[in-house]
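Ready for a bit of practice with a protein model? Grab a pencil and work through the tasks below before peeking at the solutions.

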There are 2 protein chains.
Amino acid sequence: MFDAAEVGRRIDKKDFKAREPELRTRLLEAQRRLREADFPVIVVVSGVEGAGKSEVVNRLHEWLDTRGLQTVAFWDETDEERQRPRWWRFWRALPPNTAIGVLFGSWYTAPIVDRATGATTEAELDEELAHIAEFERMLTDDGALIVKFWFHLSREAQAKRFKDMKKGDRRRKLAPKQKEFAKLYTRFIEVSEKVLRATDSGVAPWYVIEAADPRYRDYTTGETLLAALEQRLALSAVPASSDDALPHSEPVSIDTPEAQITILDHVDLSPALERTDYKRQLKKYQSRLNALSWAAWNAGVSTVAVFEGWDAAGKGGAIRRVTGAMDARLYRVIPIAAPTDEERAHHYLWRFWRHIPRAGYVALFDRSWYGRVLVERVEGFADNIEWMRAFAEIDVFEEQLAEAGIAIAKFWIHISKEEQLARFEARADVPYKQHKITDEDWRNRERWDAYKDAVNDMVARTSTAHAPWTVVAGNDKRHGRIEVLRTFCETLERALDRG
Amino acid sequence: MFDAAEVGRRIDKKDFKAREPELRTRLLEAQRRLREADFPVIVVVSGVEGAGKSEVVNRLHEWLDTRGLQTVAFWDETDEERQRPRWWRFWRALPPNTAIGVLFGSWYTAPIVDRATGATTEAELDEELAHIAEFERMLTDDGALIVKFWFHLSREAQAKRFKDMKKGDRRRKLAPKQKEFAKLYTRFIEVSEKVLRATDSGVAPWYVIEAADPRYRDYTTGETLLAALEQRLALSAVPASSDDALPHSEPVSIDTPEAQITILDHVDLSPALERTDYKRQLKKYQSRLNALSWAAWNAGVSTVAVFEGWDAAGKGGAIRRVTGAMDARLYRVIPIAAPTDEERAHHYLWRFWRHIPRAGYVALFDRSWYGRVLVERVEGFADNIEWMRAFAEIDVFEEQLAEAGIAIAKFWIHISKEEQLARFEARADVPYKQHKITDEDWRNRERWDAYKDAVNDMVARTSTAHAPWTVVAGNDKRHGRIEVLRTFCETLERALDRG
């Protein structure tokens, strides 16, 4: 989830200075309109230590009109607070209609810290997250706009930040406990990822902001808040009949140039394999996979594998190397094309549930439920609410598979745009490969950037501990196939260890 | 929650025969319109053993067109099912758009039985309920109409039913396990109540049906299904812009004569106390309460008490008998009138959170957050969605108080309509009491039946183990006051025992 916030997005000083005035003007204008509206704005500021949460809050104070802006920092509990139910302090901190309340720390702080330090159990965390979801839904049902920011730093960036602070910038004093947290970085990130995923609802979405560059961090925060506020203001401008549910706001996305940099831009596509080396490794991993697939059959452990990737990336070839290793009785390849009438008359996940294998068997999905957040999103077959909702639905779906002991592998086979063009042209030249290239492929190619965005969101939001994405460098087909086989083997090994 | 389904509602044979044809005709007409619509209807049939779930399913088959009707009974797991994730069988059973799927047993069966028999822990049940909520929301988000029926029998009615079956009606054979369940009745009801409350969302509401009389049971099921279906059909007839969320259906209510019988009709208003007896008991309970309130202060246990009741029922007098027993430093009486501007600019629960006492203190609410589901509902100040949602919001609120160790007592002081009239007239005669009777009181009196419905729903839906309602028989003021004092003492004793 946080991989997408470690791609080096930044804004240089000149650029920032040039863009800042317009952002400020529009923020103030939105705030003016908010004063005539009838809902509150709740801004949650969270993230890793050292990411500059306090600086962001200061920046918002600089940019916004302080009338109608209130900041509450959840620091140590007061006597007053300790003597009342835990939620009392949060209720106290809520802004009234027409105001923006910036919560520095929030109802997320204690659950994350307590779980990361081992003070609470997984079940206690789950219960707490359910309460948080209820609380936020209660507020949004009542009309509130909730904008939740998570400021992320990689471990290295965090270490650097701490060092800089120590060295001399006296204005940003190291708050107590920061050093302890740094030690817990990995655990903290794991827990945070789970918490964010569980509470990333359509009505109160999380915005994960890469915080390594302060200018990018602040500017993107401002732009995101502005977009969310403008969208919500537009919704409340539409008069609703009194018996209707309030129109819920949707997660917003901003399209500054920096936002276009994605995970895929960081995939190293250069690795390649010599033919002899390839042959050797192919044999090795296929034998291993054969043995593993029988072991899984014996143990009753099923496997679900998803193959997604650019047109002509080599999905088919990769799948054939996997099936080539297994007894034909053990696997089924399920090609996903347009849904049938019957499938269309059900929830979109229904058609995939149908193909979930019995214990011990393998299902290989050639394209999958991720179509919802790829082609259906890009082509507009699913509306915004539908594909945004799909991230959470897919998480639940895969969690249910994982809970049943099913091993899950998901591959995005990545190639460069140039490599795709070369393959398209090569296919056009070979008569028996011409059927593989259609007008649709060329049309999809025109939407490369839109797909790139969609893939980034997909990997960021649905790569989980139990169902991780593997982005395969596929410019060299041999390298790609071996990477798929090796990952497949490792996935099965882990599942067999667990089972 | 189930008290409201033990009030003896029934329909006699002649009446049933007279009404049945119209219901059938309208059901078939709704089913015909469903075939042109684009959503499925999921009917969940659950309830206590012996309530006649199977007969209800048969009746629906008799009434509905079997084309477009499918029934799935979740009986023992098949091999096919055992070998796949647990949710697979439910996905398999979902009806397609335009069809009605009757699920006899459902995703609720195992969680309730497992918890009642002690096979799972409370935390595991909570986790499961969160999954169920996600699943149902996913389906309703996609447009499905979910109608969940719970058929209730009191312990006595269940025992009688089992005896009748044994005696001779061979068509209704006692299913295996029924006898075991009967022994677990109390535990089963406790768990079911929690499950229903936790999953009684606005989008997939529960309908608790009193099942002692088969004709009432079947007819009410048919009417409720019809009302829900007609409402949903009306919603989908309104074309929505593609980017809008689907309009959610709301819980329906039916207004057959039997449905007008409520919990309040079963309160025995005859008990009365002689003056000397009253004096004696007043002294006894006030001394006890004094000691208990100091003990609670020492232990840091707070108390929140809610006083609701008909106009002129004697709320004020009851509150004064409670405060008269306590040191004035320990309690605050919070009269709830129209909200202030500041309060109006927040979520409606915000104003009550403000008054939550510090550890060891007592807050007495003269009227309360229940205004949302009483006056605001009846007078239309809150729209249907708002007050329906409030039941769940209030449950969460009170649960948070209870989790913090706060003792909660809730009183509805009940008097008959005649007694109210007598008191109104008496007040009008006494100059210093005239201010207590306003035009509004007379207007409220005209809506007696609407309030009666609202009180019934309120008590049924928000009487929980940690925050139970006490319906006080208040026709005799002395009796009512002693009942309040005694309950108050018992509430504090329980809280101190726990703490």
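Here are three exercises on this predicted model, each with a worked solution.

**Exercise 1.** Work out what kind of axis relates the two copies, and find which residue of chain A comes closest to that rotation axis.

*Solution.*
- Step 1: Lay chain A on chain B. That takes a turn of 180° and a shift of 0.0 Å along the axis, and the RMSD is 0.1 Å.
- Step 2: The two copies are thus related as by a two-fold rotation axis.
- Step 3: Now look for the residue of chain A that comes closest to the axis. That's A:Ala123, with its C-alpha at 3.2 Å.

**Exercise 2.** Decide through which surface the copies meet.

*Solution.*
- Step 1: Take the interface residues of chain A and check them in chain B: 100% of them are interface residues there too.
- Step 2: So the copies meet through the same surface.

**Exercise 3.** Sketch the open sheet of five strands in chain A, then add the helix that lies across β6, β9 and β10.

*Solution.*
- Step 1: Draw the strands of chain A in the order β7-β8-β6-β9-β10, with parallel pairing.
- Step 2: Mark the edges. β7 (331–335) and β10 (469–473) of chain A each pair on one side only.
- Step 3: Give your sketch some twist, averaging 20° from one strand to the next.
- Step 4: Zoom in on β6 (residues 303–309) and β9 (residues 407–414) of chain A, which pair over seven bridges. Among the bridge partners, A:Gly309 goes with A:Ile413 in β9(A).
- Step 5: Lay helix α20 (residues 477–498) of chain A across β6, β9 and β10 of chain A, running at about 165° to β9(A).

Methods
Residues numbered from 1 in each chain as written. Chains lettered and ligands numbered in written order. Predicted model: local features only at pLDDT ≥ 70, side-chain atom pairs only at ≥ 80, totals over all residues. Least-squares fit on C-alpha atoms with pLDDT ≥ 70 in both. Contact = placed C-beta atoms within 7 Å. Pairing = 2+ DSSP bridges. Helix = DSSP H or I, 4+ residues; strand = E, 2+ residues; numbered from the N terminus. Axes fitted to C-alpha atoms, helices over the stretch in contact; angles between N-to-C directions.
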